[in-house]
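Me: I am new to this structure and would like a close look at one part of it, the place where the two chains meet. Please take me through that contact step by step.

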Amino acid sequence: MFKELDPILHSQLRLAVVSLLIGVKEAEFTFIREKTNATAGNLSVQVQKLKEAGYIEVTKQFKDNYPQTTCKITPKGIEAFEAYVQALQQYLQVGKE
Amino acid sequence: MADEKKMTEQESLDLIRNMIQKAKGSYHETGIGSLLWGTVVTIASVVTYFQRTYDFYIGFDIWLLVLGAIIPQIIISIQEKKSNKVKKYEDDALNAIWLVFGITIFGLNAYQMIVPDVTDKFIQLEGWQLTKHYLDNTKPDEPIHTFTPSIYSLFILIYALPTLVTGMVKKFKPMLYGALITYGLFIWSCFTITEYDFLLGGAAALICWFIPGVILRRKYLAQQQANV
């Protein structure tokens, strides 16, 4: 029986965001935008969806009088990412057979 | 990057791999700290070598330059912290290692300054003294002060430690190889007179910090240009 691919993660930009955050402790919104080449508006929407799913933590604060948004993956996000990668590998394995 | 594009399983895996690589490959170290310490320690070591070898004094303790470098280092650290857009898991551990390294160097300096004087006093209290005796009796015996022989070898040994850890954790080969060569320089310095220890220490600072600093700086600037 195949595991269903998590619809929250099975989207290009959201998966890119979580894949970036999995390897770092935390990252600023501007860093994620730089690495994903996404527009600020689109990224904002997808970050919000990941936050609502409980996959990432978003902290907003002021740094030198400028707003700063920092994102961090949560334990739930790590679990979901691992399950997603396992499911992907399962699909790819069957494709090879 | 569009969001709603349908991805195949292979595309998803490729995207994950690509993003993890991008996170890993982002250099937020500017290299300025490495360049600063590489420069001041190399200059101080080489000047000390020349002063001792050719018996002259430049008028002030050249190692004050190293002490003075703490101020720009604090400014650099604050600025780098402000401009860092990403924090990696290993950052806190590496910062702690470099802090401990700084404290150890400071402690070793204190040891070098305090212990000989204190030992002299204890020796005096016991009613004897250290004397330089020429085996061929060509010169008369002369009293000498206690000193820590070839202590700069220990500094060279300690230079390699945080450099090796950083090189291993960051998988940054210039620091990894620099540290390994420095361990070789430490062994070499055990067999040389103190003057040459300073020269070897200068070489250690050059390969541990200055050269990796130049490489880091180039990578950082190249990344900054790519982001423009």
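Reply: The contact takes 28 residues from chain A and 23 residues from chain B. The model is a predicted one. On the side of chain B that touches chain A, the elements giving two or more residues are α1 and β1 of chain B. Of these, α1(B) gives the most, with 11 residues. By kind, the residues on that side of chain B divide into 11 nonpolar, nine charged and three polar.

The helices come next. Helix α1 of chain A covers residues 12-22, and helix α1 of chain B covers residues 9-24. Their axes come within 8 Å and cross at roughly 40°. An angle under 35 degrees would count as roughly parallel, and one of 65 to 115 as roughly perpendicular; the crossing falls in neither range, so α1(A) is oblique to α1(B). The crossing of the two helices is right-handed.

Which residues make this helix contact? From α1(A) they are Q12(A), L15(A), A16(A), S19(A), L20(A) and I22(A). From α1(B) they are S12(B), L15(B), I16(B), M19(B), I20(B), K22(B) and A23(B). Taken together, the residues of the contact between α1(A) and α1(B) divide into nine nonpolar, three polar and one charged.

The chains also meet through strands. Four strands form an open sheet, in the order β2(A)-β3(A)-β1(A)-β1(B), and the pairing is antiparallel. The edge strands are β2 of chain A, residues 56-63, and β1 of chain B, residues 86-87; each pairs on one side only. Strands of a sheet pair through backbone hydrogen bonds, either parallel or antiparallel.

Where do the chains join within this sheet? The strand of chain A that pairs with β1(B) is β1(A), residues 26-28, and the two pair in the antiparallel sense over two bridges. In β1(B), V86(B) stands opposite A27(A), and K87(B) stands opposite E26(A).

The helix and the sheet are also linked within chain A. Helix α1(A) lies across β1, β2 and β3 of chain A, where β3 covers residues 66-73. It runs at about 80° to β3(A). Thus α1(A) touches α1(B) through residues such as L15(A) and L20(A), and also lies across the three strands of chain A, while β1(A) pairs with β1(B).

How values were computed. Residues are numbered from 1 along each chain as its sequence is written. Chains are lettered from A and ligands numbered from 1 in the order in which they are written. This is a predicted model: local features need pLDDT of at least 70, side-chain atom pairs count only at pLDDT 80 or more; totals for chains, interfaces and linings use all residues. Axes are lines fitted to C-alpha atoms, for helices over the stretch in contact, and angles run from 0 to 180 degrees between N-to-C directions. Angles under 35 degrees count as roughly parallel, over 145 as roughly antiparallel, 65 to 115 as roughly perpendicular and the rest as oblique. A crossing is left-handed if the near helix is turned anticlockwise from the far one by less than a right angle, and right-handed if clockwise. Two residues are in contact if their C-beta atoms, placed from the backbone, lie within 7 Å. Ala, Val, Leu, Ile, Met, Phe, Trp, Tyr, Cys and Pro count as nonpolar, Asp, Glu, Lys and Arg as charged, and the others, Gly among them, as polar. Two strands pair if DSSP finds at least two bridges between them.
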